[in-house]
Amino acid sequence: MHCTVKELLLLPEFQEAEYIGTKQSLAKNIRGITVIDSPDISLWLNGGEAILTSFFPIKDLADEEMKKWMHELADKKISALITKVPKELDAIPQPVLDICKERNVPIISLPKEIPFIDVIYKVTRKIFNQDVEKLEYFREIHHRFTELSIQNVSDEVIIETLES
């Protein structure tokens with residue numbers, strides 16, 4: 001399952017976050033969350049992830065390298081870039097801002113006091129809970145059809161059950 005960028009922004013951990021993106025990117029689906037620990041993180045992405053970064057692994061890259069890095073992430077169809085700007089940087093690097101705008105990748109800038117683990121936990125929990133709800137729904141449907149099969153009911157009863 002997934003949650004959207006908009007749903008993410010409604011979580012308490014994101015109330016003080018700054019959103020940099022379009023209305024369209026609010027609808028992007030987040031299927032998971034990944035922390036950037038190396039500049040070549042795009043090699044391990046599947047798409048649909050929200051990426052957590054302090055930009056520390058890329059802080060020493062030249063502007064063109066940073067643009068290339070951001071294009072690689074966008075090519076992997078990341079859902080959002082969730083950031084905390086470390087003390088080593090004054091702001092989100094301009095090349096990142098430029099490519100995110102060009103490629104419609106939303107940026108969510110968190111206050112420094114929000115631990116990444118809180119974000120990881122909340123996003124993962126929200127996605128997991130949706131998966132559990134879906135499984136419970138399928139279990140209920142399976143249970144209904146098993147009962148109908150045991151009762152050897154007519155096709156009309158099965159169709160009526162499906163409609164309800």
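This passage describes helix faces, surface patches and loop residues in a predicted model.

Helix H3 offers a good place to begin. Spanning residues 94-103, helix H3 has four buried residues, namely Pro95, Val96, Ile99 and Cys100. Viewed down the axis of H3, these buried residues fall within an arc of 130 degrees, so they line one face of the helix. Lys101 and Glu102, in turn, are exposed on the other side of H3.

Two patches can be picked out on the surface, one nonpolar and one charged. The nonpolar patch is formed by Leu135, Tyr137 and Phe138, which together have about 360 Å² of accessible area. Tyr137 belongs to helix H4, which covers residues 116-151. The negative patch brings in Asp155, Glu156, Glu160 and Glu163. Of these residues, Glu156 lies in helix H5, made up of residues 155-163. The relative accessibility of Glu156 is 53%, and because exposed means over 50%, Glu156 counts as exposed.

Backbone geometry draws attention to two loop residues. Lys77, although not a glycine, has a positive phi of about 60 degrees. This lysine, Lys77, sits in the loop that joins helix H2 (63-75) and strand S6 (80-83), and with a relative accessible area of 59% Lys77 is exposed. Asn152 likewise shows a positive phi in a residue other than glycine, here near 55 degrees. The loop between H4 and H5 holds Asn152, whose relative accessible area of 68% makes this residue exposed.

Definitions and conventions
Residues are numbered from 1 along each chain as its sequence is written. This is a predicted model: local features need pLDDT of at least 70, side-chain atom pairs count only at pLDDT 80 or more; totals for chains, interfaces and linings use all residues. Side-chain values use heavy atoms; hydrogens and water are left out. Patches are made of residues with over 30% relative accessible area and no salt bridge: like charges are joined within 9 Å, nonpolar side chains (Val, Leu, Ile, Met, Phe, Trp, Tyr) within 5 Å. Accessible areas come from the Shrake-Rupley method with a 1.4 Å probe; for residues, only the protein chains shown count as cover. A salt bridge is a side-chain nitrogen of Lys or Arg within 4 Å of a carboxyl oxygen of Asp or Glu. Lys and Arg count as positive and Asp and Glu as negative; His and the chain ends are not counted. The place of a charge is taken as NZ of Lys, CZ of Arg, CG of Asp or CD of Glu. Buried means under 20% relative accessible area, exposed over 50%, partly exposed in between (1.4 Å probe, protein chains only). The arc is that of the directions from the helix axis to the C-beta atoms.
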